[in-house]
Amino acid sequence: MRRKATKSPSEELSLSNCVIIRPEDLSSDKTPYIQFSSAPGNEFIVAIRNSTAIPTGTIGFNYAQREWSRISLNQDIELQPYRFSKSSLLAQVTFEVDFFIKKKATPESLNTDEIAKEFSINYPSFPLTKNQVLNISFKKKLLSLRVKKLIVADVSALKSDGDRKKNPSSLEANIGLTMANTEFSFEKVQESVINLVGSKKSGAGSQVSIINPDWNFKEMGIGGLNKEFSNIFRRAFASRVFPPDIVDQLGIKHVRGILLYGPPGTGKTLMARQIGKMLNAREPQIVNGPEILNKYVGESEANIRKLFAAAEEEQKRLGLNSGLHIIIFDEIDAICKQRGTASGSTGVGDTVVNQLLSKIDGVEQLNNILIIGMTNRKDLMDEALLRPGRLEVQMEIGLPNKDGRVEILKIHTNKLTENDKLDSSVDILELSKATKNFSGAEIEGLVRSAVSMAMNRYVKAKSTVEIDEDALNKLKISMDDFRNALLYDIKPYGQSCYEELLISYILLTGIVMWGDPVKYILDSGKLFCEQVERDVHSRTLNVLLSGSTGSGKTALAVKIAQQSGFPFVKITSKHNIPRHSDQAKVQALDKLFEDAYKSELSCIILDNLEVLLDYAPIGPRFCNPVLQILITLLGDTPPKNHRLLVIATTGELEFIELVRLAKQFHIVHVENLRTSEQVMAAVKVNKINVTKI
């Protein structure tokens, strides 16, 4: 087709650096790029933008475009659609930068990293030609950019399995198309008053892949989560590597939501913040879930709409060229509970969930947003929010394994090592073994506690507090400081001082080895622990110790759990289970098993099952809701790579069999003393004076 050249209708359209044409003449949705020629042999590729402000039969050029392509006003221009090949995708672009109006310009420093970020956001999938001139607005100043060098990437280096070539071949080109991770660098025009500062390089890097296999997570302050990071980028950002038109041809949509869930202190919030920093996107909005809620009718829903207002406005204005907007919800379960479960008659919680659902994946879908939610209680969240299209990528951030704990310990002791404050006796590998079930936050707390132990050696508290200044120069954190911190201050996930006191109290008098029956039970317990830990077919095992009152069932159960070496050990008895209501007991048991599943190896002791069930020989016999939840929980299988040993005790085996709970257990009988030899053995071990008896 042929059109007459004219000016861009407005300054805003002129700064888009696209040619302007009416939608009925040529639709930018169907034909985003065109090729034109001002003279034989001079072909130019540009992006088009539709506007009804330009007359029919004309095409609008800004001043820089007319000067660059040597087009005069009212000149007839021949146009034809242009399609970029994958070999034209740009890995690197170098610009020469100067002020648009040079005479009035005053000396000023400009950050090249900020310019690159603004350019990549406002001009994604943008065609560039060598020596092309673009005018952009940066911090209310007009800049002129001339394309000096274009490097195209070899996209054939991409592999779906994540094994990518470290140095994909590249070559210089005269024309190309920018991508989400194109690297931009800037050079100052000679005699320009601009002073460029910054690294001159920005974006995701020179590699085509948005996931860098050589990424150093330690520098980000996160350890043990390399696999989780890689999985998130593969699921959530792979589609953002390619230009929008290629993604549109594939018929896919970008992932708009990520949910990070897991125990407290495992790095969910830190990971979300780092994702926001790593992406070439708008400044992330970080929102605590409870901040959304408001006592006034309609205000909570309005707060949700405000979070999405900037993304909606930019998508309407720029369409596919809109930048990525990130919204981070901390404690998202506070505003996204299951609808219909909230107490009260206002229904505010339900309407907030409805408003959030409609914004993420409603009638007017936004394709320029990324929601990152974090929670410790995924089970409380509304199921509609977890389906594909909403919080589609759900990643469990669990407790770190041994290698992860080594990484985290090195991160938090890095400054101590650099400043020669870490004693040579400190063994990171030994500490990683001693910190089973520690979260990242607990390991950080362990290092702080060890430092405080070392500092306390040089503080003398008398009538005044004095510091031994000479000794401070010799201050070093030793392995004993870490051992003391583990002993007195920091406990792993799921453990508490109450648990340790209870175990110590139960085993206060020790186990009396009065005969083979006791040895048989302890040996059997050792075999049970080995079976759970090593048998590939047995991820869970339920054992019931049955015996009369005073036979030592609880002590034997605790001893077996203690000797197992499992990092998570919990004792459930009448002392730490709520006694106010049946529902409170059910919730406590449910949470107990849920916490146990978060550890790789766990042991739960259910002491006196008949007491937990409120069994009584007469009157109301037992609590049926607790019975049903126990049957359900004992019959469940732990998640993959998680193993559970349940040791229960009872003095009412007939009742346990009657309610059909015994079917869930392997039953071991705990015998009483029967023979005189056994009695004398017990007396001898306890050093009881027989004459007094």
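These legends go with several close-up views of a predicted model.

**View 1. The whole chain, before zooming in.**
Here's the predicted chain in full, with 23 helices and 27 strands. Of its 693 residues, 48% are buried. Take the contacts with a separation of 6 or more, and 77% of them join residues 24 or more positions apart. The accessible surface comes to about 35,700 Å², and carbon and sulfur atoms own 50% of that.

**View 2. Strands β1 and β5, side by side.**
Strand β1 (residues 2–7) runs parallel to β5, and four bridges join the two. If you want one pair to look for, Thr6 has Gly60 of β5 as its bridge partner. Strand β5 (residues 58–61) is covered on both faces. On one side sit Thr58 and Gly60, on the other Ile59 and Phe61, and all of these are buried.

**View 3. The open sheet that ends in β17 and β20.**
Five strands make up this open sheet, in the order β17-β18-β19-β16-β20, and the pairing is parallel. At the edges you'll find β17 (285–288) and β20 (393–396), each pairing on one side only. From one strand to the next, the twist averages 15 degrees. Zoom in on strand β16 (residues 257–261) and you'll see four bridges tying it to β20 in the parallel sense. Along that pairing, Leu259 stands opposite Gln394 in β20. Helix α4 (residues 226–237) packs on the sheet, where it touches β16, β19 (369–375) and β20. The direction of α4 makes about 175 degrees with that of β20.

**View 4. The open sheet that ends in β24 and β27.**
This open sheet also has its strands in parallel pairing: there are five, ordered β24-β25-β26-β23-β27. The edge positions go to β24 (568–572) and β27 (666–669); each has a single partner strand, so one side of each has no neighbour in the sheet. The average twist from one strand to the next is 15 degrees. Inside the sheet, strand β23 (residues 540–546) pairs with strand β26 (residues 643–650) over seven bridges, in the parallel sense. Ser546 is the residue standing opposite Thr650 in β26. Helix α17 (residues 516–534) packs on this sheet and touches β23, β25 (601–606), β26 and β27. Compare directions, and α17 makes about 150 degrees with β26.

**View 5. Cysteines without a disulfide.**
How many disulfides does the model have? With a disulfide taken as two cysteine sulfur atoms within 2.5 Å, the count comes to zero. Cys529 is in no disulfide, and the nearest cysteine sulfur, belonging to Cys603, is 6.4 Å away. Cys529 has a relative accessible area of 6%, so it counts as buried. Cys623 is buried as well, with a relative accessible area of 3%.

**View 6. Helix α15, one side in and one side out.**
Which residues of helix α15 (residues 479–488) are buried? They are Met479, Asp481, Phe482, Ala485 and Leu486. These cover an arc of only 160 degrees around the axis, which puts them on the same side of α15. That buried set packs against α12 (428–434) and α13 (440–456). Turn to the face pointing away from the buried side, and there you have the exposed residues Leu487 and Tyr488.

**View 7. A closer look at Tyr488.**
Tyr488 belongs to helix α15. Its relative accessibility is 56%, so Tyr488 counts as exposed. Ser449 is 39 residues away from Tyr488 along the chain, and the C-alpha atoms of the two are separated by 9.4 Å.

**View 8. Asp595 and its surroundings.**
Asp595 lies in helix α19 (residues 582–597). Is this aspartate, Asp595, buried or exposed? At 12% relative accessibility, Asp595 counts as buried, since the cut-off for buried is under 20%. Leaving out residues up to four places away in sequence, Asp595 touches Tyr493 and Phe568. Pro263 is worth picking out too: 332 residues separate it from Asp595 in sequence, while the distance in space is 8.1 Å, C-alpha to C-alpha.

How values were computed
Residues are numbered from 1 along each chain as its sequence is written. This is a predicted model: local features need pLDDT of at least 70, side-chain atom pairs count only at pLDDT 80 or more; totals for chains, interfaces and linings use all residues. Side-chain values use heavy atoms; hydrogens and water are left out. Buried means under 20% relative accessible area, exposed over 50%, partly exposed in between (1.4 Å probe, protein chains only). Contact means heavy atoms within 4.5 Å. Accessible areas come from the Shrake-Rupley method with a 1.4 Å probe; for residues, only the protein chains shown count as cover. The arc is that of the directions from the helix axis to the C-beta atoms. Two strands pair if DSSP finds at least two bridges between them. Axes are lines fitted to C-alpha atoms, for helices over the stretch in contact, and angles run from 0 to 180 degrees between N-to-C directions.
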